[in-house]
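Visitor: I would like a close look at one part of this model, starting from a single residue and working outwards.

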Amino acid sequence: MKMIRKIIFVVLAFLFVFAGCDKKPADSKKKIIIISDISLKAPTERLCADFKEKTGIEPVISIAPAEDILAIVKLARAGDILIAGQKKLEYISNSGDLAAYVEVGSAGDNHYGGRVYATGLNYSKNSIAIMQFIEFARDRGPEIFKDRGNTE
């Protein structure tokens, strides 16, 4: 059952990433794909809304359960930014998929490893937007995620 679930998420991730492939290249530079743990949904959405307001870059948010994030990032190689707890990043970092990162808050429990990070994914071709998001998250993230990071 878990394997079927992973396959479904990989297929969905591919569809999600390639759904806009027929758009003009200029449009793609105005978007950034954010993958976030479902329990971090509210602060992630707030951070992304503030980022769009400041930069004009449209964050496309993909919310997934913690156990599915690995499949999306490692198998589907989807997304530009990952917002997740320290433990998920440790699993993913072994494959070398992580680039620049910034701590945005603390989750306050062992499920996340205590800290929450916004991390650029190094297979993305959207490096300028990734660095803009990382810099923005460095300044704005701690304020948004200060209440344990996983408030809804």
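Visitor: Which residue in S5 is the bridge partner of Ala84?

Guide: The partner of Ala84 in S5 is Tyr117. Before going on, note that this is a predicted model, in which local features need pLDDT of at least 70 and side-chain atom pairs count only at pLDDT 80 or more, while totals for chains, interfaces and linings use all residues. Residues are numbered from 1 along each chain as its sequence is written, and side-chain values use heavy atoms, leaving out hydrogens and water.

Strand S3 (residues 81–85) and strand S5 (residues 115–121) are antiparallel and joined by five bridges. Helices (H or I, at least four residues) and strands (E, at least two) are DSSP runs, numbered from the N terminus, and two strands pair if DSSP finds at least two bridges between them. S3 and S5 belong to an open sheet of five strands with mixed pairing, in the order S2-S1-S3-S5-S4. Strand S2 (58–64) and strand S4 (98–106) are the edge strands, each pairing on one side only. On average, neighbouring strands are turned by 20 degrees against each other, direction ignored.

Two helices lie across this sheet. Helix H3 (residues 41–55) lies across strand S1 (31–37), S2 and S3, at about 170 degrees to S2. Helix H4 (residues 66–75) crosses S1, S2, S3 and S5, running at about 140 degrees to S1. Such angles run from 0 to 180 degrees between N-to-C directions, with axes fitted to C-alpha atoms, for helices over the stretch in contact; contact means heavy atoms within 4.5 Å. In H4, the buried residues (under 20% relative accessible area; exposed is over 50%, partly exposed in between, with a 1.4 Å probe and protein chains only) include Ile69, Ile72 and Val73.

A nonpolar core is a set of buried Ala, Val, Leu, Ile, Met, Phe, Trp, Tyr and Cys residues joined through side-chain atoms within 4.5 Å. The largest one has 21 residues, and among those touching the most other members are Leu47, Ile83 and Phe133. S1, H3, S3, S4, S5 and helix H6 (127–144) each give two or more residues to this core, and H6 gives the most, with seven. A second, separate core of 13 residues includes Ile35, Val73, Ala76 and Tyr117, the last of these being the bridge partner of Ala84.

The structure also holds two aromatic pairs. Phe51 and Phe133 are edge-to-face, because their ring centres are 4.9 Å apart and their planes at 70 degrees. Rings of Phe, Tyr and Trp (its six-membered ring) pair if their centres lie within 6.5 Å, and planes under 30 degrees apart count as stacked, over 60 as edge-to-face and the rest as tilted. Phe51 is in helix H3 and Phe133 in helix H6, so the pair ties together parts 82 residues apart in sequence.

H3 and H6 are linked by charge as well: the side chains of Asp50 and Arg140 form a salt bridge (2.7 Å, N to O). Asp50 lies in helix H3 and Arg140 in helix H6, so this pair ties together parts 90 residues apart in sequence. A salt bridge is a side-chain nitrogen of Lys or Arg within 4 Å of a carboxyl oxygen of Asp or Glu. Asp50 counts as buried, because its relative accessible area is 19%.
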